[in-house]
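I opened my notebook to look up how one sheet is put together. Here is what I noted along the way.

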Amino acid sequence: MSKDKILRATANLAELRFVVVDATESMREICRQHQALGKSAVLMSEVAIGALLLATNLKSAGALQLSCRFSGDISRVQANATPSGLLRAMLPYEEIQKIGRFEPMLAPLSLEVRKLDQNGKTAYHSVVEMASLGIGRALTAYYMQSEQIRSAFGIQAECNSDGILNFAAGFLLEAFPKADDVILASAEHNIATMPMIEEFWDSGKSFRLEDFLHELAGPFPYTVHATREIEAFCPCKRESVLKGILSLGREELLHIKQKKESLEAFCHYCRKRYVIPAEEIQIPE
């Protein structure tokens, strides 16, 4: 079972909310599924951490989808997360294979956030210019621009010399509307002077999430209100694939069925392989 966690807390005497995330083991599994190493693993992990942090603000059952688009060797990175800690992420497989462990050429384009209801339908959608290649800085700018929330995001993933993920973690400090300038200045100073995220990683052991939260809160006493475990999870299923192939069109499906060919499909998120024999293909009226 994954040891990955989300801790959510609020300051006892200040209008501040703290969220810290360690998704190391879940992202190792997702990176393994994608055969992602080095920068590919880092980018997927950092976008996934961002999705988990944003999902903690969902008011009801559903999910949050975070997409970051780039120009260069990588076109996009996408992650879905739920408030309960379910997580999946993807980067186009052919791009992962092309990059390997090399440093890709990248320029940020856009950051897209979708809030999905419990039926998977879009309840909120926002696209903004991606302010930075750093996912934490980009999300801080997004929160102010699109949601008018004063916040600070810090996100970091790191790989070892073999390109395997060491850790993936991050934080969100969010100011409630009534937070005054003195509180905000104190919180800002604390973030500027707290240890780097990597310093909470005990090499070969674990990420010290509770210590991370303690440093994030700094001078503000706090109460932890929720602890959630994180799980790498993809809801794809064979029935969805069968429904999806209808998009090929009647003529194409008739051709496949007549030749008694099988269709092969891969889930973009978990890389699960589905083989659909010709006899299972349904021809639309």
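Two strands count as paired if DSSP finds at least two bridges between them. Helices (H or I, at least four residues) and strands (E, at least two) are DSSP runs, numbered from the N terminus. I am working with a predicted model, where local features need pLDDT of at least 70, side-chain atom pairs count only at pLDDT 80 or more, and totals for chains, interfaces and linings use all residues. Residues are numbered from 1 along each chain as its sequence is written, and side-chain values use heavy atoms, with hydrogens and water left out.

Entry on S2. I looked up its partners: S2 and S9 (residues 165-175) pair antiparallel over seven bridges, with Val-20 opposite Phe-171 of S9. S1 (residues 5-11) runs antiparallel to S2 and is joined to it by six bridges; Lys-5 stands opposite Asp-22. A hairpin links S1 to S2 through four residues.

Entry on the sheet. I found an open sheet of five strands, antiparallel in its pairing, in the order S8-S9-S2-S1-S10. S8 (151-159) and S10 (222-229) are its edge strands, each pairing on one side only.

Entry on burial. Is S2 (residues 16-22) buried or exposed? Seven of its seven residues are buried (under 20% relative accessible area, 1.4 Å probe, protein chains only), so S2 is largely enclosed by the rest of the structure. I checked both faces: Leu-16, Phe-18, Val-20 and Asp-22 are buried on one side, and Arg-17, Val-19 and Val-21 on the other.

Terms used:
Buried < 20%, exposed > 50% of the residue type's maximum accessible area, 1.4 Å probe, protein only.
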